[in-house]
There are 2 protein chains.
Amino acid sequence: MNLKRPAPTLHDVSVAAGVSTATVSRCLNFPDQVAKLTRDKVLSAIQLLGYSPNFGAKAMAARRTNTIGAIIPTMENAIFARGLEAFQEELRLHGFTMLVASTSYRPEIEEEQIRSLVARGADALLLIGHERDPEIYRFLETQGVPVLITWVFDAESTRPSVGFDNRVAMMEMAIKVIEFGHTELAFISAATARNDRATARLNGIGDAMIAAGLNADDLHCIETTYGIEEGAAAFDKLMLKTPRPTAVFCGNDVLAVGALRRARELKIAVPQDVSIIGFDDIELAQVAYPPLTTVHVPHREMGRRAGHALADHLKNGTPLKSVQLGTRPVLRETLAPVKVGS
Amino acid sequence: MNLKRPAPTLHDVSVAAGVSTATVSRCLNFPDQVAKLTRDKVLSAIQLLGYSPNFGAKAMAARRTNTIGAIIPTMENAIFARGLEAFQEELRLHGFTMLVASTSYRPEIEEEQIRSLVARGADALLLIGHERDPEIYRFLETQGVPVLITWVFDAESTRPSVGFDNRVAMMEMAIKVIEFGHTELAFISAATARNDRATARLNGIGDAMIAAGLNADDLHCIETTYGIEEGAAAFDKLMLKTPRPTAVFCGNDVLAVGALRRARELKIAVPQDVSIIGFDDIELAQVAYPPLTTVHVPHREMGRRAGHALADHLKNGTPLKSVQLGTRPVLRETLAPVKVGS
DNA sequence: TTGTATGCGTTATCAA
DNA sequence: TTGATAACGCATACAA
């Protein structure tokens, strides 16, 4: 049972306006190639019928969609929102439309989304991080869909990326933390398997520890899924360890805010009893109480540059090349020197 | 310059497998209508070529996409995220895919997105709030695209909606606030023009005031765009008014958190000096410090029900009908009785 | 400036 | 169980 009346087509419009379908098509795509009089007739017919071009047919005939797909791990929090917004704004400037999909951090869903966006005719794809099944890269290759990676910069990789060095970003922060006298460190991380950002951040802390003469194996690392509740739960476990960590790194600001909340519930003073460090510097970090020490990531610039690169590539054939952006530790109130005698 | 090698088509697969295109198509859509032997041949050809069906062509031939569009005001914060997630999960259960778009709270962008999703073949649309240009409803009508409204329940409207009564929701909260002795009330709102939720919430406060014998005109209302920074700025202005408000309602939790932050910066104690009340009860509300008093909205149930209704409508022709859900005031720590003598 | 005719990659109908 | 073939709605090369 389907009562849908078929939507008006180009042909319907052409009949109503008393012209050919070609003319209607031109009216829409190259308005100045058609006489003003005809154009007016056509436009009012379009208006009258409530005509709207069929995207599928258009894509098929034109063999491009001016659509770029972006696949992010989650829309649940603001982590990717700002970068994506900048990306979209930039694309819009160049006449491209963005299509978003999210994966809940699950590789198999990401694969599904990649295939879905490609099937929908995405002219290119923006993906987060390098690490995924080689098979899917081969698929994208045979489909002829260019891919730009973001949130990561890896000089080793042949694939173009616009991002930052996650290891260095976290290492710089860890060095500061160690300078504050902390030696009992912990890390609430996303699952590191199949997540190059999480792995790099973990290594960053380890490298800083080694550089400071600490033993990187002493880092207590808990892997969990991203979420406020999860951050809180992980913090709970960490506080039971002996010796108790005096500084807790978090894989992102959302986890850190969860840890912060649990600390409050446990009457553990931050930063007096324990320091908490986030990553990303989303708005949440400044709103948290106390304001969160975190690693600032150039969300907007990353999005903007990625958008520009892809648009330029599709329109002018400019090769995609990697761009490295910087991050910086932002010291707010959740980090303090380690308490003497603690 | 375009080096894109054309992607493999159904025809390519059929040649490689030595069968007709019809057989390949059946293999994909009705696998048990084809002999196991042929199926294996076809599947391995598909694998080999990295074939992926073209969505546009498929949509055109099948005259449906199994895609449902959802258009929300913003992805910048978590306000719509949870409901959307539930919506998507429910759709997935029924074999539908969700396409999201956001509008930055701008009607003209919403219109653009509606047209874009319809052009992309969305079988139905989920929209937030009733209020929009009648023209666009007419357009959807002629396109034969069913629409379900959410985040709102309006018994008056003929259009189906799955949501709650924004006026009553806010009124219930305002009654509590007034019971705490507050008489100097203020409201940091989204723009009420062309936003039935904002308008209803404003009216809800007014109704509660009237019921309590207050003058609804005494409500200080500031309209602003949604954002933490904007909430902070509006709070600033409110604190300069005489008499100074003792309770500040906010159109959503994001604004409320901004107000909370500014209060801290101004050394205005919450809730001792001023009470702050949010709306939505997103995760942020519990993480805020002090935890935010707010109106709880049944995000997930709303999304789930909306998804179910649309899927059921498209698959079985079940008419869309309105569902009213409840909200409830959640009293946390940002609301306290008015200070005597203040 | 406008019209004609063809092809884009599927699905679905009808025959075989 | 399989194969031809006609739509589907649009863009575009070519002709007028």
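1. In this predicted model, the two protein copies meet through the same surface, because 98% of the interface residues of chain A are also interface residues in chain B.

2. The relation between the copies can be stated precisely. A turn of 180°, with a shift of 0.0 Å along the axis, lays chain A on chain B with an RMSD of 0.1 Å. The two copies are therefore related as by a two-fold rotation axis. Within chain A, Gly56(A) has the C-alpha nearest this axis, at 1.8 Å from it.

3. The next matter is the DNA. Which residues are closest to DNA strand C? They are Thr23(A), Thr38(A), Leu10(B), Ser25(B) and Ala61(B), out of 26 residues that surround the strand. By class, the protein surface near DNA strand C comprises 14 nonpolar, eight polar and four charged residues.

4. It is useful to ask which parts of the DNA face the protein. Among the atoms of DNA strand C within 4 Å of the protein, 66% belong to sugar or phosphate, and the rest belong to bases.

5. Individual contacts to phosphate oxygens of DNA strand C come from both chains. In chain A, a polar backbone atom of Ser20(A) is 3.0 Å from a phosphate oxygen of the strand. In chain B, Leu10(B) places a backbone N or O atom 2.6 Å from a phosphate oxygen, whereas Asn29(B) places a polar side-chain atom 3.0 Å from one. The elements that give two or more residues to the surface near DNA strand C are α2 (21-29) and α4 (55-62) of chain A, together with α2 (21-29) and α4 (55-62) of chain B. Of these, α4(B) gives the most, with five residues.

6. Chain A also contains an open sheet of four strands, in the order β7-β6-β8-β9, with parallel pairing. Strands β7 (220-223) and β9 (275-277) of chain A are the edge strands, each pairing on one side only. On average, neighbouring strands of this sheet are turned by 15° against each other, direction ignored. In general, strands of a sheet pair through backbone hydrogen bonds, either parallel or antiparallel.

7. One pair of strands deserves a closer look. Strand β8 (residues 247-250) of chain A pairs with β9(A) in the parallel sense over three bridges. Phe249(A) stands opposite Ile277(A), which lies in β9(A).

8. Two helices of chain A should be read together with this sheet. Helix α8 (residues 166-179) lies across β6 (185-189), β8 and β9 of chain A, and runs at about 170° to β8(A). Helix α9 (residues 196-211) of chain A packs on the sheet and touches β6, β7 and β8 of chain A. The direction of α9 in chain A makes about 175° with that of β6(A).

Key: Residues numbered from 1 in each chain as written. Chains lettered and ligands numbered in written order. Predicted model: local features only at pLDDT ≥ 70, side-chain atom pairs only at ≥ 80, totals over all residues. Heavy atoms only, no water. Least-squares fit on C-alpha atoms with pLDDT ≥ 70 in both. Contact = heavy atoms within 4.5 Å. Near = heavy atom within 4 Å. Polar contact = N/O pair within 3.5 Å; in protein donor to acceptor, adjacent residues only side chain to side chain. Nonpolar A, V, L, I, M, F, W, Y, C, P; charged D, E, K, R; others polar. Pairing = 2+ DSSP bridges. Axes fitted to C-alpha atoms, helices over the stretch in contact; angles between N-to-C directions.
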